[in-house]
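Notebook open, structure loaded. I want to jot down what I look up as I go.

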Amino acid sequence: MNNIQRLQMETKGIELDQQELIIYLQENGLKPHDEYNATSLNNKKAIYQTALSVLELVANNPELMKNIKMDDMSVSQFHENLQSRIDQMYKTIRQMKTDQSSNSDIFMLYL
């Protein structure tokens with residue numbers, strides 16, 4: 001599985017042009033056709049950040065939202081659910097570890 005396929009797995013139901021997905025992956029430091037490394041914490045975090053960018057794209061584009069929403073759900077309900085998913089993704093990304101060897105996610109800034 002390559003990075004673009006993994007991103008499509010994470011954003012199932014959202015159909016975007018492959019060129020757009022490639023741009024989002026590149027913006028997050030991933031090469032779209034490189035093999036997805038499931039053991040790399042950095043790779044996983046970058047996929048989640050890219051998925052978050054895609055969700056934000058949908059949330060900021062009402063026309064796109066109308067095309068993606070479910071038949072029995074209004075656009076406002078879809079937007080509320082989408083916003084909830086975005087908030088959940090932010091929290092997940094903040095809590096994710098990286099491949100760096102630092103033992104602490106806290107740093108001190110002295111003036």
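These entries go from the overall fold to single helices and then to a few residues.

**Overall fold.** First note to self: this is a predicted model. I looked up the secondary structure and got five helices and zero strands. Along the sequence that reads α-α-α-α-α. I then checked burial for the whole protein: 35% of its 111 residues count as buried. For contacts with a separation of 6 or more, I find that 62% join residues 24 or more positions apart.

**Helix α2.** Which residues of α2 are buried? I looked through residues 18-27 and found Leu21, Ile22, Tyr24 and Leu25. They sit on the same side of α2, because the arc they cover around the axis is only 165°. The general rule I keep in mind here is that an α-helix has 3.6 residues a turn, so residues three or four places apart point the same way.

I turned the view round to the face of α2 that points away from its buried side, and there I found the exposed residues Gln19 and Glu27. Next I asked what covers the buried residues of α2. The cover includes α1 (3-10) and α3 (41-59). I also glanced at the stretch just after α2, where glycine 29 has a positive phi of about 80°.

**α1 against α3.** How do α1 and α3 pack? Their axes are 10 Å apart and the angle is about 55°. That value makes α1 oblique to α3. I noted the hand of the crossing of α1 and α3 too, and it is right-handed. On the α1 side, the contact is made by Asn3, Arg6, Leu7 and Glu10. On the α3 side I listed Asn43, Ile47, Tyr48, Thr50 and Ala51. Sorting the residues of this contact by type gave me four nonpolar, three polar and two charged.

**Asparagine 3.** I went back to this one, which lies in helix α1. Is asparagine 3 buried or exposed? Asparagine 3 counts as buried, because its relative accessibility is 2% and the cut-off is under 20%. I then looked up what asparagine 3 touches, not counting residues up to four places away in sequence. The list runs to Leu25, Leu30, Lys31, Pro32, Asp34, Glu35, Tyr36, Asn43 and Ile47. Two of these names, Asn43 and Ile47, were already in my notes for the contact of α1 with α3.

**Lysine 45.** This residue lies in helix α3. I looked up its relative accessible area, and at 18% lysine 45 is buried. Leaving aside neighbours within four places in sequence, lysine 45 is in contact with Ile93, Met96 and Thr98.

**Glutamine 49.** I stayed in helix α3 for this one. Glutamine 49 counts as partly exposed, at 29% relative accessibility. Its contacts, again leaving aside neighbours within four places in sequence, are Asn28 and Ile93. Ile93 is also on my list for lysine 45. I checked one C-alpha separation as well: glutamine 49 and threonine 92 are 43 residues apart along the chain, and their C-alpha atoms are separated by 9.8 Å.

**Glutamate 80.** Last entry, and this residue is found in helix α5 (residues 75-95). Glutamate 80 is exposed, with a relative accessible area of 56%. How far is its C-alpha atom from that of alanine 59? I get 9.4 Å, for two residues 21 apart along the chain.

How values were computed:
Residues are numbered from 1 along each chain as its sequence is written. This is a predicted model: local features need pLDDT of at least 70, side-chain atom pairs count only at pLDDT 80 or more; totals for chains, interfaces and linings use all residues. Side-chain values use heavy atoms; hydrogens and water are left out. Buried means under 20% relative accessible area, exposed over 50%, partly exposed in between (1.4 Å probe, protein chains only). Helices (H or I, at least four residues) and strands (E, at least two) are DSSP runs, numbered from the N terminus. The arc is that of the directions from the helix axis to the C-beta atoms. Contact means heavy atoms within 4.5 Å. Axes are lines fitted to C-alpha atoms, for helices over the stretch in contact, and angles run from 0 to 180 degrees between N-to-C directions. Angles under 35 degrees count as roughly parallel, over 145 as roughly antiparallel, 65 to 115 as roughly perpendicular and the rest as oblique. A crossing is left-handed if the near helix is turned anticlockwise from the far one by less than a right angle, and right-handed if clockwise. Ala, Val, Leu, Ile, Met, Phe, Trp, Tyr, Cys and Pro count as nonpolar, Asp, Glu, Lys and Arg as charged, and the others, Gly among them, as polar.
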